[in-house]
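User: I would like to learn how to read the main features of a protein model. Please begin with the overall surface.

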Amino acid sequence: MLRFCYNNGTTDITPSNLLLTRCAAEFMEMKESVAGVSNLFEQTEKTLQEINFWTWSGLLIALKQCQNVSSVTDSSVVLEKCLDTLVGRLVLASEASPCPSSCSTDSSGIRFSCDSKSSESIKTNSSRTTWWFEDLLFLSPLLVEMLVKSMLSRKLDHVVISKFLLYYQKAKFSTATTDEKCKIIEMVLDMHYNLDHGSISCKNLFGILRVTLSLNISKCSRNKLENMIGSHLDQATLDNLLVPSPYGIRYLYDVNLVLRILKAFLHGGTGLVTPIRMRKVAGLIDLYIAEIAPDPCLKTSKFLALATALPDSARDSYDELYHAVDMYLEVHSQLSQEDRVKMCCGLNYEKLSPQAYLHLSQNTKFPPKSAVQALISRPAKLNNLLRPTPSTTPYNNSPCSSGKEDKTSEQDVLYDENFDVSADNEKLRTHLQGMQCRVMELEKICKKMQSQMEKITKSKVSGQSNARSLPKLCS
């Protein structure tokens, strides 16, 4: 400013001193021309208008100054100009790249779309979209947020923006404090929430999730992360879901987290959840349930919430879920009969394979009521198993056929002793025999319980009649 005053109104204004010179001119009210010489503020304005001719390093220097004096009013004008110019150059650089990053989000995509290039050329093409990452690491989370919003308005490739955000987060975490980490990760999540669905992979989202486990980020940011993971859940793996429980919870894995992610997947929007995606998620959830079933601390309510979260149409087979329930009942042997019945509510017996169906008929861990329900619900399947074929021979020596009374109910087909079994399938015949025994034992138990209930009812009736006759005897 002194040089301007004592050098006939001329001084060198560069990107490195533009902001402070402009602030000084504003403070000293140097906005009026004197003796035909333009004032200092006008000269800073002229330099700012020539920002398109600044070098890349000049832009970065001006940005650093804006960040250091962000509280000054004039800095916002210079900052917006610098960010807009910087983003414009990045857009031009991305458009000039012969192999844009939008062709794929990973190296394999680059190979397929640029297979005529050598490996060295591929690295060069990739670096053309990421060369500026390191240069912008000095920016604060607030300025990065402004930068990304400018990138979005200028239609810069969302995949490149996502890569920059992840690079920024990883680089800054090495020296950041806990509070700084929270601000960085919240900014990264907020910005990703505005990007296209496919701009970030499911693996990277779960990577962010594991980083946030030790941070106290805001509930809003955590919900955004879980919603984004939910939209990618069909691409997840079992290892992704095996997140340890937070401190103070006895479960081995964070079941509540998976339930929230599953809810986000189901409510991701009409038409987004296709049958193919639904079946993939159902298979993944069945694997997860099988993994957590042996946990002795897992409550029945949590197990059932996972088992019944998806609609019945999501599963073509309930075999995996059946085996998970079987494992849970084996580990939690202290469950009451009522809880065991509840555990079976998530199963669709009509979608069990013949092997699982036969295993259930002999499974003593399942409550008798559920086993009978399963057997009754699939008479057609059992009829198909028992239907005679030309190559079969009658088998009439069932070990449970002795002393069997005539039955008139529709369940007779379950243990009709006049059925044929293929001679070359000894294992199937053994299972069918076991099924007969199991059903007959259950019916005997039911009859015994019914007779006991009748005796109790009769005793109550006789007791009431005796009570009524007692006054007469006394009189």
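Analyst: About 26400 Å² of the protein chain is exposed, and carbon and sulfur atoms supply 54% of that area; accessible areas come from the Shrake-Rupley method with a 1.4 Å probe, and for residues only the protein chains shown count as cover. This is a predicted model, in which local features need pLDDT of at least 70, side-chain atom pairs count only at pLDDT 80 or more, and totals for chains, interfaces and linings use all residues. Residues are numbered from 1 along each chain as its sequence is written, and side-chain values use heavy atoms, with hydrogens and water left out.

User: What percentage of the residues of the protein chain count as buried?

Analyst: Buried means under 20% relative accessible area, exposed over 50%, and partly exposed in between (1.4 Å probe, protein chains only). Of the 475 residues, 42% count as buried.

User: Which residues of helix α16 are buried?

Analyst: Helices (H or I, at least four residues) and strands (E, at least two) are DSSP runs, numbered from the N terminus. In α16 (residues 300-307), the buried residues are Thr300, Phe303, Leu304, Leu306 and Ala307. They lie on the same side of α16 because they cover an arc of only 160° around the axis, taken from the directions from the helix axis to the C-beta atoms. These buried residues pack against α14 (255-266), α15 (275-292), α17 (319-331) and α18 (337-343), where contact means heavy atoms within 4.5 Å.

User: Where does Glu29 lie?

Analyst: Glu29 is in the loop between α2 (18-27) and α3 (40-49). Although not a glycine, Glu29 has a positive phi of about 55°.
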